[in-house]
Amino acid sequence: MRGSLKAYRQVNVESQKAEASPHKVVQLLLGGSIDKLLQAKMALDSNQVAKKGELLGRTMEIITHLKASLDHEKGGEVAGNLDALYDYMLRRIAEANAESDVAAIDEVIDLLKTVKEGWDAIPAEHHNIKQPA
């Protein structure tokens with residue numbers, strides 16, 4: 001049953017990504033990274049070391065993808081600040097994995113929630129802005 005639910009969830013996420021605007025995709029990635037970190041904390045609490053490492057690794061992949069998606073030319077200072085913040089998050093997650101540091105995981109969760117809240121607050125009329133060809 002748990003496997004079926006997981007498979008359904010994956011199909012649902014893939015469907016959302018296929019139909020989603022770039023704004024929605026970033027929302028999904030930010031939310032997914034927060035979920036993975038919460039799951040990593042639970043794995044750490046239950047002494048599932050391999051699972052913790054897998055979840056932290058998947059979170060690092062998501063954050064690396066978000067970082068690589070930044071448009072420094074159009075994003076200017078904001079993109080530069082996010083780039084530095086994502087670098088910091090990646091370092092803290094690596095430390096959390098090496099030292100099983102729950103405080104580091106909590107810190108990154110708080111940072112991602114702040115970024116997601118800012119992203120969620122962008123008015124809908126700015127979600128699908130296309131650049132002139």
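Contact here means heavy atoms within 4.5 Å. With that in hand, among contacts in the protein chain between residues at least 6 apart in sequence, 60% join residues at least 24 apart. The model is a predicted one, and its pLDDT averages 88 over the protein chain, with 83% of the residues scoring at least 70. Confidence is not spread evenly over the elements: helix H1 (residues 2-19) has the lowest mean pLDDT, at 58, while H5 has the highest, at 97. Where pLDDT is low, the predicted coordinates should not be read in detail.

As for the overall layout, the protein chain has five helices and zero strands, giving the pattern α-α-α-α-α when read along the sequence. Of the 133 residues in the protein chain, 29% are buried. The chain exposes about 8600 Å², and carbon and sulfur atoms account for 55% of that area.

Next comes the interior. The largest nonpolar core holds 25 residues, and the ones that touch the most other members are Leu37, Ile63, Tyr86, Met89, Ile105 and Leu112. Two or more residues each come from helix H2 (22-45), helix H3 (49-68), helix H4 (72-99) and helix H5 (102-120). The top contributor is H2, which gives seven residues to this core. In soluble globular proteins, nonpolar side chains tend to be buried together.

Leu112 makes a handy way into this core. Setting aside neighbours within four places in sequence, Leu112 is in contact with Leu30, Ser33, Ile34, Leu37, Ile63 and Met89. One of these partners, Ser33, sits in helix H2. Ser33 counts as buried because its relative accessibility is 0%, the cut-off for buried being under 20%. Beyond its neighbours within four places in sequence, Ser33 is in contact with Thr59 and Ile62 as well as with Leu112.

Turning to helix packing, two packed helices are described by the angle between their axes and the distance between the axes. For H3 and H4, the angle is about 170 degrees and the axes lie 10 Å apart. H3 is therefore roughly antiparallel to H4, since angles over 145 degrees fall in that class. On the H3 side, the contact is made by Lys52, Gly53, Leu56, Thr59, Met60, Ile63, Thr64, Leu66 and Lys67. On the H4 side, the residues involved are Asp83, Tyr86, Asp87, Met89, Leu90, Ile93, Ala94, Ala96 and Asn97. Ile63 of H3 and both Tyr86 and Met89 of H4 take part in this contact, and these three are also among the core residues that touch the most other members.

Gly53 belongs to helix H3. With a relative accessibility of 25%, Gly53 counts as partly exposed. Its C-alpha atom is 9.4 Å from that of Ala96, although the two residues are 43 apart along the chain.

Arg92, found in helix H4, is worth a look too. This arginine counts as buried, at 16% relative accessibility. Once neighbours within four places in sequence are left aside, Arg92 is in contact with Asp101, Ala104, Glu107 and Val108. Arg92 and Ile105 are 13 residues apart in sequence, with 7.4 Å between their C-alpha atoms.

That leaves the loops and the end of the chain. Most residues other than glycine have a negative phi, and most peptide bonds are trans. Asn47 goes the other way on phi, with a positive value of about 60 degrees although it is not a glycine. Asn47 lies in the loop between H2 and H3 and is exposed, with a relative accessible area of 63%. Ser100 also has a positive phi, near 50 degrees, and is likewise a residue other than glycine. Ser100 is placed in the loop between H4 and H5; at 36% relative accessibility, Ser100 counts as partly exposed.

Finally, Ala124 lies in the segment after H5. A relative accessible area of 57% makes Ala124 exposed. In sequence, Ala124 and His23 are 101 residues apart, yet in space their C-alpha atoms are separated by 9.4 Å.

Key. Residues numbered from 1 in each chain as written. Predicted model: local features only at pLDDT ≥ 70, side-chain atom pairs only at ≥ 80, totals over all residues. Heavy atoms only, no water. Helix = DSSP H or I, 4+ residues; strand = E, 2+ residues; numbered from the N terminus. Buried < 20%, exposed > 50% of the residue type's maximum accessible area, 1.4 Å probe, protein only. Areas by Shrake-Rupley, 256 points an atom, 1.4 Å probe, with all protein chains shown as cover. Core = buried A, V, L, I, M, F, W, Y, C linked by side-chain atoms within 4.5 Å. pLDDT = per-residue confidence, 0-100. Axes fitted to C-alpha atoms, helices over the stretch in contact; angles between N-to-C directions. Parallel < 35°, antiparallel > 145°, perpendicular 65-115°, else oblique.
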